[in-house]
Amino acid sequence: GYLGQQPQVPRETTERIMAAITTAPGTDAVLRRAARIALRYKAELEVVHVIVDDTGLSGEGQSIDGLRALAADLGARWHAIQQDDPARAIVGFAQQHEITQILIGPIHRSWPHIAVGGRIVRRIFEEAGASGIDVLIIARRELPAAEALDSGAVNRS
C-alpha cells in the first residue's frame, strides 16, 4: 500500500552535486562552498577538473595537488578529464553520473574565454538545462589576504 511506496521517493529525488573546477585562485573556496552545499543536501560531491592540451583550463593559480588533497579532505571524489571541449566534458560527465547540480567557479578568470555568458558557460547552461541539470555559478567573494596584499587590491573597495 501507500506506506510501502514511500521509501522509494527520496531515492529518486536525491541530489548529486558536481563541482567543475579550474586552478584559478579562489578555487579552494569554491570547493569548500560546494562541500557545504553537498552536505546540506546529504549528497555525494564529485569534483571534475578538465585538462585541455595538458595544461588544465588555467595555467596559473593553485596547485592541482593541493586542490586534490582538499577535495579528499572534504570527502569528495576527484576526476581529471582530458578533453579539448570543456563544456562537453562537464555536461557529459554530469549526464553519465546522473548529476542534478553543476557548480562552476570561480568565474573571474577561470577559463581563457569565459565570462558569465561566455561561450563555455553558455553551452554548459544550454546543454545541462536541456537534460534537467541545474547550473550554479559560484562567485569569487574576496581575494585571499596574501594575494590581495601582493596585488595591491586591498584599497580597491
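In what sense, and over how many bridges, do β4 and β5 pair? The two strands pair in the parallel sense, and 4 bridges join them, where pairing requires that DSSP finds at least two bridges between two strands. This is a predicted model, in which local features need pLDDT of at least 70 and side-chain atom pairs count only at pLDDT 80 or more, while totals for chains, interfaces and linings use all residues. Residues are numbered from 1 along each chain as its sequence is written, and side-chain values use heavy atoms, with hydrogens and water left out.

It helps to begin with the whole chain. The protein chain has 7 helices and 5 strands, and along the sequence these follow the pattern α-α-β-α-β-α-β-α-β-α-β-α. Helices (H or I, at least four residues) and strands (E, at least two) are DSSP runs, numbered from the N terminus. Of the 157 residues in the protein chain, 41% are buried; buried means under 20% relative accessible area, exposed over 50%, and partly exposed in between, with a 1.4 Å probe and protein chains only. A contact means heavy atoms within 4.5 Å, and among contacts between residues at least 6 apart in sequence, 78% join residues at least 24 apart.

Next comes the sheet. Strands of a sheet pair through backbone hydrogen bonds, either parallel or antiparallel. Here an open sheet of 5 strands runs in the order β3-β2-β1-β4-β5, with parallel pairing. Because β3 and β5 (134-137) stand at the edges with a single partner strand each, one side of each is left without a neighbour in the sheet. From one strand to the next, the twist averages 25 degrees, an angle that, like the others here, runs from 0 to 180 degrees between N-to-C directions, with axes being lines fitted to C-alpha atoms, for helices over the stretch in contact. Within the pair of β4 and β5, Ile102 has Val135 in β5 as its bridge partner. Helix α6 packs on the sheet, where α6 touches β4 and β5, and the direction of α6 makes about 150 degrees with that of β5.

Inside the sheet, Glu46 is found in strand β2 and is buried, with a relative accessible area of 3%. Leaving aside neighbours within four places in sequence, the contacts of Glu46 include Arg16, His79, Phe93 and Ile99. By contrast, Gly132 lies in the loop between α6 and β5 and is exposed, with a relative accessible area of 58%.

Phe93 leads on to helix α5 (residues 86-96), in which Pro86, Ala87, Ala89, Ile90, Val91, Phe93 and Ala94 are buried. The buried residues of α5 pack against β1 (17-21), β2 (45-51), β3 (77-82), β4 (101-104) and α6 (119-130). After α5 comes Glu98, whose phi is positive, near 50 degrees.

How, finally, do α5 and α6 pack? Their axes are 9 Å apart, and the angle between them is about 25 degrees. That makes α5 roughly parallel to α6, because angles under 35 degrees count as roughly parallel, over 145 as roughly antiparallel, 65 to 115 as roughly perpendicular and the rest as oblique. On the α5 side, Pro86, Ala87, Arg88, Ile90, Val91 and Gln95 meet Ile120, Arg123, Ile124, Glu127 and Ala128 in α6. By class, this contact of α5 with α6 has 7 nonpolar, 1 polar and 3 charged residues, where Ala, Val, Leu, Ile, Met, Phe, Trp, Tyr, Cys and Pro count as nonpolar, Asp, Glu, Lys and Arg as charged, and the others, Gly among them, as polar.
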